[in-house]
Amino acid sequence: MSTISARYAGQLRTEATHVASGNTILTDAPTDNQGRGEAFSPTDLVCSALGSCMMTIMGIVAERHGLDLSSASWDTTKHMLSDPRRIGQIDLTFRLPASLPEKERTLLERAAKTCPVALSLNPEIKQQVQFDYNA
């Protein structure tokens, strides 16, 4: 059985449905590539997936060690290259609680970098990851 069912909606827009939950995601081509830019672009989703995956893995580790990451957040910046057009670099800045002890910080940072998306991306895509503990 499929995990995702998707369709082309026209005008450079797609709609993907998560089969198990029924949740949908729209994509639009970005304005700098003939699109409307009214939704995530497919490359935005790749970058978003990296941050979400890293945070999910940190969450698993945090729950295992009784740590509270409920205030955690992050920003993602995508850097595109051309010829051919592709993602060249993904910058992530995670804001994590200042109260986390040094030992747990190291544990979380190592865990984040082993997420399946990080390990699946082409090694030519630079992953710049920062951890800010002033949150």
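**A tour from helix H1 to the open sheet**

In this predicted model, begin by selecting helix H1, where Cys 47, Leu 50, Gly 51, Cys 53, Met 54, Met 55, Met 58, Gly 59, Val 61 and Ala 62 are buried. Next, display the elements against which these buried residues pack: strand E4 (73-81), strand E5 (86-95), helix H2 (102-112), helix H3 (116-120) and strand E6 (126-132).

Return to H1 as a whole, residues 42-64. Its 23 residues should span 33 Å at 1.5 Å a residue, and the end C-alpha atoms are indeed 33 Å apart, so the expected and modelled spans agree. Following H1, select Gly 66, which has a positive phi, near 70°.

Now select the cysteines. With a disulfide requiring sulfur atoms within 2.5 Å, the count is zero. Cys 47 takes part in none, its nearest cysteine sulfur being that of Cys 115, 12 Å away. Cys 47 has a relative accessible area of 2% and is therefore buried. Cys 115 is likewise in no disulfide; the nearest cysteine sulfur to it belongs to Cys 53, at 3.1 Å. Cys 115 counts as buried because its relative accessibility is 0%.

Finally, move to the open sheet of three strands, ordered E1-E2-E3 with antiparallel pairing. Strand E1 (4-10) and strand E3 (24-28) each have a single partner strand and stand at the edges, so one side of each lacks a neighbour in the sheet. On average, neighbouring strands here are turned by 20° against each other, direction ignored. Select strand E2 (residues 13-18) together with E3: five bridges join this antiparallel pair. One bridge to highlight links Thr 17 to its partner in E3, Thr 24.

Notes
Residues are numbered from 1 along each chain as its sequence is written. This is a predicted model: local features need pLDDT of at least 70, side-chain atom pairs count only at pLDDT 80 or more; totals for chains, interfaces and linings use all residues. Side-chain values use heavy atoms; hydrogens and water are left out. Buried means under 20% relative accessible area, exposed over 50%, partly exposed in between (1.4 Å probe, protein chains only). Helices (H or I, at least four residues) and strands (E, at least two) are DSSP runs, numbered from the N terminus. The expected span of a helix is 1.5 Å times one less than its number of residues. Contact means heavy atoms within 4.5 Å. Two strands pair if DSSP finds at least two bridges between them. Axes are lines fitted to C-alpha atoms, for helices over the stretch in contact, and angles run from 0 to 180 degrees between N-to-C directions.
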